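Here's a quick walk through one structure, with helices, a sheet and charged pairs along the way. Have your viewer open and follow along.

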Amino acid sequence: MRSTRCQSLHTGFQSATRYWPVLLISYATNLMLGVALAILPGISALMNVGHLTALRQTADGLDAWQVIDIVMSPLTDTTLGSIAGVASLTSWLRQATLIGLLTILAVPTIAWITQAFLYGGLLSTFTTLPQPFQLKGFLQACWHWFGAFLVWGLAQAAVTLVSVAVVAGLGTGLIALAGWWPVWLVVPSLLSIGLLLAAVFELTRAAAVTAGTRRIGPALSSALRLMLGRPLTV
Amino acid sequence: MSVLAAAPAAHAQAAEPIASYAIDVTLNADEKTLSAHQTITYVNTTDEPIPHLVFHLYLNAFRDTDSIFLTEGGPTHRGNTWDPDHPGWIKVDQIQLTDGTGLELLPLEDGTIASAQLPTPVAPGDSIIVELDFRAQLPRVFARTGYVEDYFMVGQWFPKLGVWEHGAWNAHPFHLNAEFYSDFGNYDVSITLPGSYVTGATGAPISTVIRDNGTQTVAYRAENVIDFAWTASPNFQLSTRDVDGTEVLYLYLPEHKWTVQRVLDAAQAAVSYYSEWYGPYPYPRLTIVDAPSDGQGAGGMEYPTLVAAGVMNLTGLANIPLVRNADRSLEAVTVHEIGHQWWQSMVGFNEAEEPWLDEGLTDYSTLRVLDAIYGSDRSLIDSNNLRVGYLDLQRMSYMAVPRVPMYGQAWDFGYEYSIATYSKPVLSWHTLERTIGNDALLEILNAFFRRYQYGHPTTEDLRTVAEETCEQDLSWFFDGLVYDDEVLNYAVTSINAHSVTVSRQGELSIPTEVRITFVDGSSALESWNGVENTVTFDYTHNEPPIRRAEIDPERKIALDMRWSDNGRSRAPEIWAWLAIVSRILYAAQDALMIMGGF
């Protein structure tokens, strides 16, 4: 049955409030993963610079002089050498850089895996409205859709990266030729493409779960039909 | 033909004119050439007879890549490249005394200086009048002077005498890093050029004659100055402001209309503050000149009563329209070049032999003005998420190459020139100010300015005045920083319940303070002269245990190479650490949400 927009919105809110455990699971996952990502940098900072009074000024934002001290510390060490008993900013900078790089690489990977696992359970739960939430069913659904959503997540990342790269490349060329004004075209274009592709893949997942198929072709067709027929869904 | 006459208000203080110039010059705007007749009246105010004259012919530095300037530069200057298809040069066609006695001008070194033997030496107290006819080709602008299409910034364009002192001419070939040195005098310059052009120049306009053939002659007069520069473009627009009786005139190009308010505001602050701190601006007018976007080599330069600003980019943000209001490179350059009116145009330092004097004092003065207007933590970049002070930029530059003395001749320095003459002096003067007090420092600079206005002081003269005026020991400043390359880092190296040890790295020692905070909230402020490498402050067990210790807690010593190690706590700063970790956590959660939805 074709629902009106208001009915759809109402159904959505109803699902969200009825299945509040799903929201709780989502937030708890996000928090735990955040803590896991913050642990290493936190421990590194505590071990190396935890006793410095400069840390007190860092608490409400980095001052320029602190950034300069850190960034220039390798050169300063070359000029001055190290002081016995005093933790070196340079070694902490190296540690922090390495941890930072690992974290930056880890975040998309963790996000991809988390989404692939939880999304199937979340969508499945919403399709069972008005049945009560069942943890076992939720976890089974998560596992059932995990493989497919892992692959689709990779596909989404690849398509988005290529599209953004193409538009960014064309935009850069245009800016080089015409000056700064094309920025007003390029940036909205990049954002629009990112949002559009995200919407396509979100709807594809929803369509797949609704239809009960793990084949991307039919799910994608269904999603595109929905988008063209009801653009507001985007 | 019509004549427009406007006599400027004469309120410049008297100086003894030594080298005065009267020049009639014609600009061929199509060929970018000058042709001129010049009369120099020179007075020998020394005790030595002068047997010959030595002239600077600066434009010959841009003739070809054999010049010292272009050889040393590669051939670039501040990121701008010389155009071999549009070189510059100057040629004196005739030089003679007023009685018709011809002189022979012989080039010296690479042609940027030349000498003319006199039939009779100029005796002490006597004067000589010399007439020259010369031609010049202006280069496409890349090192302060030249043209871009119909924009002209004409500096170092005429045969200029060196400075006779200690029985010889002080006149060096034009080196890449060297600037200029000349005597005070009066200038009367008449510039003939197309009638559609708007001009600006050193001094103030006396008259304008407009001819029926489409040309005009604008006459300028300047008194008690060391140089004369001028600018012309048919595209200039004007904006003026009265600052304490001085007319500040800004000549800008239409594409830079957005700079008008900012430049005039900065100029007003600069003139007001410098007049208050050092001495009044004695000339009736100050002209500020814009530079075209593809001719920024003309900007960032000072001449007596005329400064070339331009939209320079100290931070990398200035040319990005969306964020350029957050960047204060424009104000910094404007304030800096105006500062040279005091430290160069009125106190005539030898910029070639002691460049740290005028650049260092001027850039330190720039820091003072910018911090006074905008606040020290945001005087260079001020946006919602990023604040950087002018001092921060200088500290970063200094830390890259700290081991360089400030004193030295311009050609002694390579890439470290800007550190030695700008960054290190800024930090040094700022440290001196914070150490001896603002009033004491201003007393030194005020005394120095009063004694040497319209003079040619040296570093030793500055030291003499400083040590006469200030009762505190300044040997660390002159011996450690000006003449040597000493560096410094103070650190708290250990902290126990009842003792604190502080250390000094490097050779430089500057008196400082150590603040000890106890667990009951009380504190003690200890003095340390910084001479010993290590000092321990002990407290009895009757005193509460120590919570934290900070050396130089107010960060007065800008030369300290690492402020981060200036303070330690006995226990970890847990609350601050938690605040930082929670920011990392928040950022991680945001990133996960954006990338995965969870």
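Which residues in H1(A) meet Trp20(A), Pro21(A) and Leu23(A) in H2(A)? They are Ala16(A), Thr17(A) and Arg18(A).

Before going on, the ground rules. This is a predicted model, where local features need pLDDT of at least 70 and side-chain atom pairs count only at pLDDT 80 or more, while totals for chains, interfaces and linings use all residues. Residues are numbered from 1 along each chain as its sequence is written, chains are lettered from A and ligands numbered from 1 in the order in which they are written, and side-chain values use heavy atoms, with hydrogens and water left out.

**Helix packing**

Two packed helices are described by the angle between their axes and the distance between the axes. Axes here are lines fitted to C-alpha atoms, for helices over the stretch in contact, and angles run from 0 to 180 degrees between N-to-C directions. Helices (H or I, at least four residues) and strands (E, at least two) are DSSP runs, numbered from the N terminus.

Back to that first pair: helix H1 (residues 5-18) and helix H2 (residues 20-49), both of chain A, pack at about 70 degrees with their axes 4 Å apart. That makes H1(A) roughly perpendicular to H2(A); angles under 35 degrees count as roughly parallel, over 145 as roughly antiparallel, 65 to 115 as roughly perpendicular and the rest as oblique. Sorted by class, the residues of this contact are four nonpolar, one polar and one charged. For the classes, Ala, Val, Leu, Ile, Met, Phe, Trp, Tyr, Cys and Pro count as nonpolar, Asp, Glu, Lys and Arg as charged, and the others, Gly among them, as polar.

Now hop across chains. Helix H4 (residues 64-71) of chain A packs with helix H6 (residues 390-400) of chain B at an angle of about 10 degrees, axes 10 Å apart, and H4(A) and H6(B) are therefore roughly parallel to each other. H4(A) brings Ala64(A), Trp65(A), Ile68(A) and Asp69(A) to the contact, and H6(B) brings Asp392(B), Arg395(B), Met396(B) and Met399(B); contact means heavy atoms within 4.5 Å. The class split for H4(A) with H6(B) is five nonpolar, no polar and three charged residues.

H4(A) is mostly covered, with six of its eight residues buried. Buried means under 20% relative accessible area, exposed over 50%, and partly exposed in between (1.4 Å probe, protein chains only). Among the buried residues of H4(A) are Gln66(A) and Ile70(A). The buried residues of H4(A) pack against helix H3 (54-58), helix H5 (73-80) and helix H6 (89-127) of chain A, plus strand S27 (387-388) and H6 of chain B.

Thr114(A) sits in that helix H6 of chain A and counts as buried at 11% relative accessibility. Leaving aside neighbours within four places in sequence, Thr114(A) is in contact with Thr29(A), Leu33(A) and Phe598(B).

**A sheet in chain B**

Strands of a sheet pair through backbone hydrogen bonds, either parallel or antiparallel. In chain B, an open sheet of four strands runs in the order S8-S9-S4-S13 with antiparallel pairing. Strands S8 (105-108) and S13 (160-161) of chain B each have a single partner strand, so one side of each is left without a neighbour in the sheet. Two strands pair if DSSP finds at least two bridges between them; strand S4 (residues 50-56) and strand S9 (residues 113-122) of chain B are joined by six. One partner to click on: His52(B) is bridged to Gln117(B) in S9(B).

Val163(B), in strand S14 (residues 163-165) of chain B, is buried at 1% relative accessibility. The C-alpha atoms of Val163(B) and Leu53(B) are separated by 9.7 Å, with their places 110 residues apart along the chain.

**Salt bridges**

A salt bridge is a side-chain nitrogen of Lys or Arg within 4 Å of a carboxyl oxygen of Asp or Glu. By this rule there are 28 salt bridges over all chains. Three of them:

| Pair | N to O distance |
|---|---|
| Asp265(B) and Arg241(B) | 2.8 Å |
| Arg285(B) and Glu247(B) | 3.0 Å |
| Arg378(B) and Asp377(B) | 3.2 Å |

Asp265(B) lies in helix H2 (residues 260-277) of chain B and Arg241(B) in strand S21 (residues 237-243) of chain B, so the pair ties together parts 24 residues apart in sequence. Arg285(B) is buried at 13% relative accessibility, whereas Glu247(B) is partly exposed at 30%. Across the chains, Arg56(A), Arg548(B) and Glu573(B) are linked in a network of salt bridges.
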